[in-house]
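Biologist: Could you take me through one part of this model in close detail, and then place that part in the setting of the whole chain?

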Amino acid sequence: MALWGGRFSAQTQSDVAVYSESISFDRRLYRHDIAGSKAHVEMLAHQGIIPESSAAEIIAELDRILERIEQGDFKFGIELEDIHMHIESALIDALGPEGARVHSGRSRNDQIALDLRLYLRDETRKLIAGVREFQRALVERAAADADAIMPGFTHLQHAQVVLFAHHLLAYVEMLDRDAARLADTLKRIDVMPLGSGALAGSTLPLDREFVRRKLGFTAITRNSMDAVADRDFVIELASDLAIIAMHTSRLSEDLILWCSQEFDFIELDDAFCTGSSLMPQKKNPDVCELTRGKTARVYGALTALLTLCKGLPLTYNRDLQEDKLAIFDALDTVKAILRVYPPMIASMRIKRDNMRRAAADPALMATDLAEKLVELGVPFRSAHHRVGSFVKWCREHGCRLDEASLEEMRETIPEATPEFLQLFDPEASAAKRRLAGGTGFEPVAAELAAWRKRLAAEDER
């Protein structure tokens with residue numbers, strides 16, 4: 001008979017037991033369940049609710065159970081439903097009635113809320129560290145080719161000259177927002193729900209602050225009904241994970257394009273690519289493609305969690321068991337991305353000459369011509385029109401912008417001077433963009449130095 005089966009006269013039907021179990025996926029919470037139980041038992045003894053000797057026995061046996069699980073010497077089965085029942089049953093098997101004291105003043109409702117918060121608190125900290133490692137790989141890759149230039153794109157069309165380092169640093173900025181979101185979510189995860197009971201608290205003189213301090217939480221929940229029903233922190237973390245996945249999917253698409261024969265800007269190391277079962281010559285950027293696909297899974301987890309909670313009345317409902325499948329899968333997926341990408345970025349080969357060749361297209365400096373006219377006092381819209389007319393003239397006459405003579409340029413840009421003919425150098429075009437946040441050599445070098453310093457400080461913390 002299950003530990004909750006006192007009022008039942010029949011065993012759970014076998015298919016129902018299979019249908020309702022969660023031990024197949026919530027067993028990963030065992031460390032956090034045991035940590036929560038130890039803190040709870042210490043509090044019970046501190047408050048005189050159970051004898052000190054009972055608490056000592058329970059804590060010692062919980063340590064033995066932890067060791068058994070980690071050594072693979074612990075039996076899991078669907079008949080005990082979840083990780084909580086497995087550990088409590090093992091306590092009772094070992095200690096008899098003394099082991100049964102562990103659940104005094106506690107419900108599985110606030111127990112799972114505690115376990116999940118403890119687990120996600122640890123995982124969120126790991127995620128932040130993983131994001132920082134990803135940033136570090138991007139910064140070091142950018143620094144190694146700090147003077148490489150390439151075309152920047154809008155609408156997937158060549159637009160203006162940018163530094164390759166500047167392009168990578170754009171993803172460093174995205175990841176920094178990801179880390180900030182995770183840190184902010186951590187504040188809402190780091191709240192202690194134990195003591196809320198099933199939904200209404202307890203008549204026993206529990207000391208919730210004692211448990212909070214033992215487990216290192218920053219605060220306790222303020223409403224017992226909300227505490228057991230709340231999964232906002234799970235949804236918020238899933239949202240953070242979805243945005244991280246989106247950012248890595250965008251980077252993946254850039255890498256896929258750059259690897260193609262049409263671009264040929266980079267080559268990924270063989271360790272991060274696969275071949276074709278039919279075509280011997282193929283080298284496919286499968287890691288990047290899989291990331292695009294796995295991003296859909298992470299989005300699915302967020303959608304599942306939002307849908308799961310949208311119609312639930314207060315307080316706890318068994319539907320919430322399904323939250324773990326979604327958040328665990330999203331966590332595992334993003335953690336895998338964060339493990340794979342730093343070494344892939346560090347090992348990729350940059351084809352600087354090909355990038356430079358593409359960036360040397362004088363059409364990428366058309367905006368430089370327009371801005372030079374602005375410096376001469378021409379209103380920008382007029383300047384834009386004149387340069388656009390010059391581009392049209394060059395196309396009609398089958399020549400590049402830098403192949404036109406000054407006289408030919410003056411047919412559409414009457415203000416042109418000999419200096420205009422010198423505006424088609426891609427390095428010079430990049431160098432002139434000295435504004436903070438721009439793609440110039442100076443601001444990019446400053447950003448690289450700032451990121452190296454900041455990430456080193458993160459390491460020290």
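Modeller: A good place to begin is the hairpin of strand 1 and strand 2, where 2 residues lie between the strands and where His-155 takes a positive phi near 55°; please keep in mind that this is a predicted model. Strand 1 covers residues 149-154 and strand 2 covers residues 157-163, and the two run antiparallel, joined by 6 bridges. One of the paired positions is Thr-154, whose bridge partner in strand 2 is Gln-157.

Turning from the hairpin to its setting, the protein contains 18 helices and 6 strands. With a radius of gyration of 30 Å, well over the 23 Å that the globule rule gives for 461 residues, the protein is more spread out than a compact globule. Along the principal axes, its C-alpha atoms fill a box of roughly 100 × 55 × 40 Å. Of the 461 residues, 49% count as buried, and among the contacts with a separation of 6 or more, 74% are between residues that stand 24 or more positions apart.

As for the surface and the charges, the protein exposes about 22,100 Å², of which carbon and sulfur atoms supply 52%. The side chains include 58 positive and 72 negative ones, and the centres of these two sets lie 2 Å apart.

Definitions and conventions
Residues numbered from 1 in each chain as written. Predicted model: local features only at pLDDT ≥ 70, side-chain atom pairs only at ≥ 80, totals over all residues. Heavy atoms only, no water. Helix = DSSP H or I, 4+ residues; strand = E, 2+ residues; numbered from the N terminus. Rg over C-alpha atoms; globule rule 2.2 N^0.38 Å. Buried < 20%, exposed > 50% of the residue type's maximum accessible area, 1.4 Å probe, protein only. Contact = heavy atoms within 4.5 Å. Areas by Shrake-Rupley, 256 points an atom, 1.4 Å probe, with all protein chains shown as cover. Lys, Arg positive; Asp, Glu negative; His and termini not counted. Charge placed at Lys NZ, Arg CZ, Asp CG, Glu CD. Pairing = 2+ DSSP bridges.
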